[in-house]
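User: I should like to learn how salt bridges are read in a structural model. Could you take me through some cases?

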Amino acid sequence: MTPNDNRSSIEKEYASLREEAKLRLKRLRETGQPNIYIGMATCGRAAGAIETKEAFEESLFKRDIQARIIPVGCMGHCYAEPLVLIEQSGFPTICYHQVTPGKARILVQNFLEGGDPCLEYVLGAMQPNDMLPCVTDFPRFGMEKRVVMEHCGLIDPDDICQYIARGGYAALVKALKMQPEEIIAQIKTSGLRGRGGAGFPTWKKWTIAREANSDRKIVICNADEGDPGAYMDRTILESNPHQVLEGLAICALAVGAEQGIFYIRAEYPLAVEKINNAIKAAREKHLLGPNILGSGFSLEISLFQGSGAFVCGEETALIKSIQGERGMPQVRPPFPALKGVWEFPTVINNVKTLASIPPIIRKGANWYAKIGTEKSSGTAIFSVVGDVVHPGLVEIPMGTTLRELIYDVCGGIPGRKKFKAVQIGGPSGGCLSEQFLDWPIDFDSLSEAGAMMGSGGMVVMNDESCMVEVARYFLDFTQKESCGKCTFCRIGTKHLLDILEAITKGEGTERDLELLQILSEDVKAGSLCGLGKTAPNPVLTTLRFFREEYEAHVFEKRCPAVMCRSLIAYYIDLDKCARGCDACMGSCPVDAIFTTKDRKKSIDQSKCVKCGECVSACPPEYDAVRKVSPPDRIPPEIVPQMEG
Amino acid sequence: MDKNANIVNLIVDGKEIKASEGANLLRVCLDNEIYVPNLCYLKEMEHPPASCRLCFVAIEGYPQPVTSCTEVVREGMVVMTDTPEVRRLQKSAFELLLSVRRISFCKTCIANKRCGLQKIARFLGVKLRVAHLNRIDVDREVDHTHPYLDYDPDKCVLCERCIFVCGNINKTPMLSLAHRGLNTSVTFFESAAILENSCKGCGACVEICPVGALTLKSHNKVTG
């Protein structure tokens with residue numbers, strides 16, 4: 001067979017797959033039945049999507065309505081979960097938010113049966129129309145640029161046809177007709193940089209492995225996502241596993257590998273299930289396995305479950321883990337692209353990197369290179385959590401400023417509170433203050449600011465967050481996750497944590513502040529792997545941008561955010577406290593609240609454990625519980641006078 | 001020096017040195033009587049673990065000190081083993097190692113007077129009792145499960161030398177690292193029955209331990 005015959009046969013095989021997939025979907029729509037799409041990724045399930053699905057099923061059965069329920073992945077709108085899309089003839093596709101089982105029953109009764117689309121539950125329509133506002137009119141939808149997450153939350157991850165019908169695997173078909181060098185050249189033109197955190201140019205990694213002299217090469221998808229508050233990789237794997245699979249296949253084709261491995265942490269059982277299903281489905285369609293679409297290229301993909309050590313996300317530790325050894329980082333060189341798993345050249349790419357590959361190949365490198373900035377092309381995916389109105393997964397073009405992301409896309413800080421800091425890049429990243437809000441988000445400017453792109457965790461904090469406590473939290477994490485191999489990370493992070501703990505307890509000294517700085521610099525300069533080298537970043541950035549908070553803790557024994565338990569006290573404002581109300585009293589776990597002579601309440605400071613339960617218990621119309629730091633700032637007139 | 005390899009010229013602390021191309025920089029320094037503190041390196045190692053973080057040197061053209069055990073010599077390399085930056089990192093790492101130890105143990109320790117830590121302390125001019133760091137108490141018990149060995153995790157510096165020499169002799173080492181973070185320690189897989197059959201009690205691991213964390217049971221019986 002000549003190459004041309006080969007090419008046309010690949011085309012032919014794919015065209016028939018595409019036809020079949022389209023036909024199947026068409027048939028689904030033709031029946032005239034409404035389609036109900038329910039977001040059933042881990043996040044949706046946590047918000048109650050399983051109960052919502054059951055309510056739909058039960059209600060449809062009871063009212064004898066024919067409708068199809070299609071479980072889909074996640075669109076990334078965490079604030080709106082459980083999210084439901086309903087396709088009903090005569091209406092645009094409507095997106096409903098926070099669909100509880102109760103709302104599900106009402107939607108079946110009023111919308112599917114009665115024809116009233118229940119405007120009060122609507123988030124928006126998915127397409128522009130005359131009836132309802134479209135979701136893209138909202139900045140949370142409209143300002144995003146979906147490349148990697150284009151299909152997430154819109155297709156059933158277990159149905160390969162839905163991906164193929166939307167143009168899935170066309171990139172693989174295109175790549176099969178290209179020379180490996182051409183594929184790598186495309187990736188180079190696109191400017192794609194590794195989305196795992198460091199931003200290493202993807203094409204360089206591939207070229208090293210491509211040129212390595214070995215009869216066996218391996219490609220790995222790194223899905224060992226472990227940063228606290230980050231869940232981009234999980235959502236992508238659960239919502240559109242085929243796009244990652246396709247990316248991995250193209251990667252294998254480019255570097256000349258016939259073996260691929262998904263390294264997914266065992267804490268992601270749903271992602272593991274979806275990837276296993278996807279591998280099986282792709283094999284059945286000859287998009288994976290021996291002689292893919294008759295092209296002569298073969299690829300076997302397996303799945304390896306990591307046991308949850310944070311450090312195994314580091315390439316060399318991941319390799320050790322796959323080999324069945326203790327997951328500990330190794331000295332580089334040799335780089336994995338030359339000597340990786342079982343000494344074979346190994347390319348390890350992050351989920352988001354691989355999921356970016358199919359759109360690049362399909363739509364062209366120049367199209368991708370135009371998105372984002374010159375040195376950081378493409379989109380960035382962040383899981384924005386913390387004090388924002390619309391938390392969730394956001395995919396934005398690189399170069400968007402932090403202000404646009406936090407205030408426009410994510411709706412700003414709730415409750416008329418003030419922005420204080422944003423923590424970017426997880427335990428390896430840093431806390432940036434207000435002065436950085438107008439900085440563009442890209443690999444280089446974030447590193448320059450002292451933070452890090454990281455894998456995409458972003459925690460927004462309002463003025464009620466104590467920055468010393470934030471640093472302590474992250475050090476507690478890295479200290480526990482240290483593999484114990486090298487001195488600086490094993491022992492140095494523990495000393496850092498101890499000092500931070502002392503400061504949050506009001507036991508810190510001026511000497512501690514100095515030691516914190518010196519030790520952080522040493523751990524950063526002296527550690528063996530990326531985990532240790534970046535572990536002091538939360539300390540260094542908070543020391544730099546929020547030094548006055550450290551000094552308040554040390555010199556005034558005061559926590560400016562009124563958060564550190566040892567440095568605060570609660571008291572009850574007697575002017576606001578309502579006579580006879582004892583809501584707080586019942587909530588106190590240690591009986592520290594007593595009734596004063598005029599039947600109001602007061603707190604016995606010697607008993608109070610500062611849990612804050614009374615703050616939540618006090619009815620908002622009274623709002624009488626006050627928090628102060630340092631504890632001796634309780635007004636002197638609040639002298640507790642026992643009843644009788 | 002390997003006779004078949006190309007010879008390269010480098011300068012360490014102003015001293016001109018000839019070495020085989022591709023040789024380990026730490027090894028070359030030590031062979032030429034230039035001492036660089038180290039605990040985890042053995043000259044037989046192809047890939048040193050680089051875990052003790054003591055053998056820092058400054059190399060011209062590098063932005064900051066690097067561990068010499070992970071560098072190979074190159075023609076024209078200029079190395080300094082005694083810059084303030086190098087000493088700062090070495091002292092910092094060394095004091096961290098000391099901060100998890102009980103110095104009062106020294107008197108009764110089998111390694112007293114020949115301990116790797118005492119040697120480095122003398123070289124760096126660092127006191128064994130670190131004043132500016134609080135002592136971290138990990139307080140773990142001596143592991144007596146092995147038929148021939150005792151292991152004191154509080155003395156161990158986790159240099160992995162014992163694991164390396166055991167692997168050299170037995171192909172698969174009969175010791176391994178376990179646990180994470182500060183609790184990391186050497187373990188014998190917790191099965192005396194297996195060990196009795198596989199470990200011959202050759203004592204190579206005890207011999208190589210720089211700090212007396214591994215001891216033969218017979219020794220402990222004699223000295224109490």
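**Reading salt bridges**

Analyst: At 29% relative accessibility, B:Arg102 counts as partly exposed. This is a predicted model, and B:Arg102 forms a salt bridge with B:Asp137, the closest N and O atoms being 3.4 Å apart. The two lie in distant parts of the chain, 35 residues apart: B:Asp137 in the loop between helix H3 (116-124) and strand E6 (149-151) of chain B, and B:Arg102 in the loop between helix H2 (84-98) and H3. B:Asp137 is partly exposed as well, with a relative accessible area of 48%.

User: Which residues are linked in a network of salt bridges with B:Arg102?

Analyst: Side chains of opposite charge can pair when their charged atoms come close. Here the network links B:Arg102, B:Arg135, B:Asp137 and B:Asp139.

User: Is B:Asp154 buried or exposed?

Analyst: B:Asp154 is buried, because its relative accessible area is 12% and the cut-off for buried is under 20%. Its side chain meets that of B:Arg140 in a salt bridge (3.5 Å, N to O). B:Asp154 lies in the loop between E6 and helix H4 (161-170) of chain B and B:Arg140 in the loop between H3 and E6, so the pair ties together parts 14 residues apart in sequence. B:Arg140 is partly exposed, at 23%.

User: How many salt bridges does the structure hold over all chains?

Analyst: The structure holds 40 over all chains. One of chain A joins A:Lys363 to A:Glu150, with the closest N and O atoms 3.8 Å apart. A:Lys363 is in helix H14 (residues 351-363) and A:Glu150 in the loop between helix H5 (139-142) and helix H6 (160-165), 213 residues apart. A:Lys363 is partly exposed, with a relative accessible area of 37%, and A:Glu150 is partly exposed at 28%.

Methods. Residues are numbered from 1 along each chain as its sequence is written. Chains are lettered from A and ligands numbered from 1 in the order in which they are written. This is a predicted model: local features need pLDDT of at least 70, side-chain atom pairs count only at pLDDT 80 or more; totals for chains, interfaces and linings use all residues. Side-chain values use heavy atoms; hydrogens and water are left out. A salt bridge is a side-chain nitrogen of Lys or Arg within 4 Å of a carboxyl oxygen of Asp or Glu. Helices (H or I, at least four residues) and strands (E, at least two) are DSSP runs, numbered from the N terminus. Buried means under 20% relative accessible area, exposed over 50%, partly exposed in between (1.4 Å probe, protein chains only).
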